[in-house]
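Open the model in your viewer and keep the sequence panel beside it. The stops below each give a selection to make and then say what is there.

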Amino acid sequence: MITLFRLFSRLPLAWLHALGSVLGWLTWLLSPSYRRHLRENMLLALGDVEARRIRSAAIAEAGKGMLELPSIWLRPLAETASRVVEVSGWELVEAASRRGKGILYLTPHLGCFEVTAQYLSTHAPITVLYRPPKQPWLQTMIEAGRARAQLHLAAADLSGVRGLLKALKRGEAVGMLPDQAPRAGEGRWLDFFGRPAYTMTLAARLVETGASVIMVWAERLPAGKGYHFHLQAPTEPICGSLEERAQKINQQIEVLVRQCPQQYLWGYNRYKRRRSSEALPTSAEAAQQGAQSEAQR
């Protein structure tokens with residue numbers, strides 16, 4: 001599999017996106033569970049009319065997202081960053097840097113979310129939260145592709161949370177996927193496009209550090225022309241109780257998704273079924289609170 005990834009990494013981005021469109025449709029045709037998740041998620045979030053309108057494009061874009069990964073992970077950083085051909089909102093980064101309280105970049109599963117931290121790391125250090133995969137070969141690939149000179153990885157555990165908090169305390173940037181489904185007991189059931197979705201609370205906790213929050217996503221341009229890097233301030237302050245902050249982050253994700261719904265990863269199962277254990281606080285969440293208190297001393 002690693003050999004295949006290396007082969008794909010040498011292809012032009014336009015070819016990868018063309019092949020990715022085919023892969024997206026093959027996945028749709030051959031995987032009943034994927035078809036079910038994509039249909040249900042789009043219907044719940046967008047309604048029948050809009051879901052039908054963009055479904056074909058969403059299937060193709062999901063495939064593009066899969067096949068662009070080898071190129072992003074395995075090519076030199078300068079080459080990867082050069083594929084960002086347009087940037088909107090960079091003044092937000094400059095203003096946040098002047099504040100000196102760190103930057104919290106929130107990147108949903110929208111567009112090419114893997115390129116965001118890579119590009120940002122060419123300007124300043126950034127620590128990114130990630131969940132180690134179950135496959136050892138994929139773990140090796142991620143470590144090789146994501147761990148650049150100024151891009152540091154923080155595993156989704158207590159030590160990783162401490163790493164994020166220490167980076168913010170140094171005035172550096174951290175990044176995460178705020179719509180990633182947390183483990184059982186580590187999230188809250190909150191509205192996402194009007195439906196309950198199991199939502200992480202870590203991003204909402206990091207807001208308490210006073211870091212500047214910037215929503216960021218990389219729009220995939222047609223014909224493999226590269227990416228348009230979007231940096232946006234939240235449309236309203238992320239404040240209130242923990243659940244209120246987490247809910248407002250969900251709302252900000254919705255704002256971004258509505259800008260380009262066909263590039264959202266609808267096959268990702270945000271709307272998992274409720275389990276009784278998920279409604280209860282766990283030691284993992286308590287550990288997050290403890291790490292935060294420790295870093296703020």
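The tour starts with the whole chain, goes on to three helices, and ends with single residues.

**Whole chain**

Select everything first. This is a predicted model. The protein has 297 residues, of which 52% are buried. Its secondary structure amounts to 13 helices and 9 strands. Switch on a surface: about 13,500 Å² is exposed, and carbon and sulfur atoms supply 55% of that area. Among contacts with a separation of 6 or more, 77% join residues 24 or more positions apart.

**Helices α2 and α3**

Select residues 13-30, which form helix α2, and residues 32-46, which form helix α3. The axes of α2 and α3 come within 5 Å and cross at roughly 100 degrees. At that angle, α2 is roughly perpendicular to α3. To see the contact, show the side chains of T27, W28, L29 and L30 on the α2 side, and of P32, Y34, R35, L38 and R39 on the α3 side. By class, the contact of α2 with α3 has 6 nonpolar residues, 1 polar and 2 charged.

**Helices α3 and α4**

Keep α3 and add residues 48-67, helix α4. The two helices pack at an angle of about 135 degrees, and their axes are 9 Å apart. α3 and α4 are therefore oblique to each other, since angles from 65 to 115 degrees count as roughly perpendicular and those over 145 as roughly antiparallel. The crossing of α3 past α4 is right-handed.

On α3, pick Y34, L38, R39, M42, L43 and L46; on α4, pick D48, E50, A51, I54, R55, A58, I59 and A62. These residues of the α3 contact with α4 split into 10 nonpolar and 4 charged, with no polar ones.

**Helices α2 and α4**

Now hide α3 and bring back α2. The axes of α2 and α4 come within 6 Å and cross at roughly 115 degrees. α2, too, makes a right-handed crossing with α4. From α2, display L16, H17, L19, G20, S21, L23, G24, W25, T27 and W28; their partners in α4 are R55, S56, I59, A60, G63, K64, M66 and L67. The contact of α2 with α4 comprises 9 nonpolar, 7 polar and 2 charged residues.

**L13**

Stay on α2 and select L13, which lies in that helix. Is L13 buried or exposed? L13 counts as buried, at 6% relative accessibility. Apart from neighbours within four places in sequence, L13 is in contact with E68, R83, G224, G226 and Y227. Draw a distance between the C-alpha atoms of L13 and G226: the value is 7.6 Å, for residues 213 apart along the chain.

**C112**

Select C112, in the loop between β2 (103-106) and α8 (114-120). With a relative accessibility of 1%, C112 is buried. Leaving out residues up to four places away in sequence, C112 touches E68, I72, A218, R220 and Y227. E68 and Y227 are thus among the contacts of C112 and also among those of L13. The C-alpha atoms of C112 and L221 are separated by 9.9 Å, with their positions 109 residues apart along the chain.

**T127**

Move to strand β3 (residues 126-130), where T127 is found. T127 is buried, with a relative accessible area of 7%. Which residues should be shown around T127? Beyond its neighbours within four places in sequence, T127 is in contact with H152, A154, L164, A167, A173, V174 and G175.

**Two positive phi values**

The last two selections concern backbone torsions. Most residues other than glycine have a negative phi.

Select F193, in the loop between β6 (187-192) and β7 (195-200). Phi of F193 is near 55 degrees, a positive value in a residue other than glycine. F193 counts as buried, at 8% relative accessibility.

Then select A223, in the loop between β8 (212-220) and β9 (227-232). A223 is not a glycine but has a positive phi of about 60 degrees. Unlike buried F193, A223 counts as exposed because its relative accessibility is 61%, and the cut-off for exposed is over 50%.

How values were computed. Residues are numbered from 1 along each chain as its sequence is written. This is a predicted model: local features need pLDDT of at least 70, side-chain atom pairs count only at pLDDT 80 or more; totals for chains, interfaces and linings use all residues. Side-chain values use heavy atoms; hydrogens and water are left out. Axes are lines fitted to C-alpha atoms, for helices over the stretch in contact, and angles run from 0 to 180 degrees between N-to-C directions. Helices (H or I, at least four residues) and strands (E, at least two) are DSSP runs, numbered from the N terminus. Angles under 35 degrees count as roughly parallel, over 145 as roughly antiparallel, 65 to 115 as roughly perpendicular and the rest as oblique. A crossing is left-handed if the near helix is turned anticlockwise from the far one by less than a right angle, and right-handed if clockwise. Contact means heavy atoms within 4.5 Å. Ala, Val, Leu, Ile, Met, Phe, Trp, Tyr, Cys and Pro count as nonpolar, Asp, Glu, Lys and Arg as charged, and the others, Gly among them, as polar. Buried means under 20% relative accessible area, exposed over 50%, partly exposed in between (1.4 Å probe, protein chains only). Accessible areas come from the Shrake-Rupley method with a 1.4 Å probe; for residues, only the protein chains shown count as cover.
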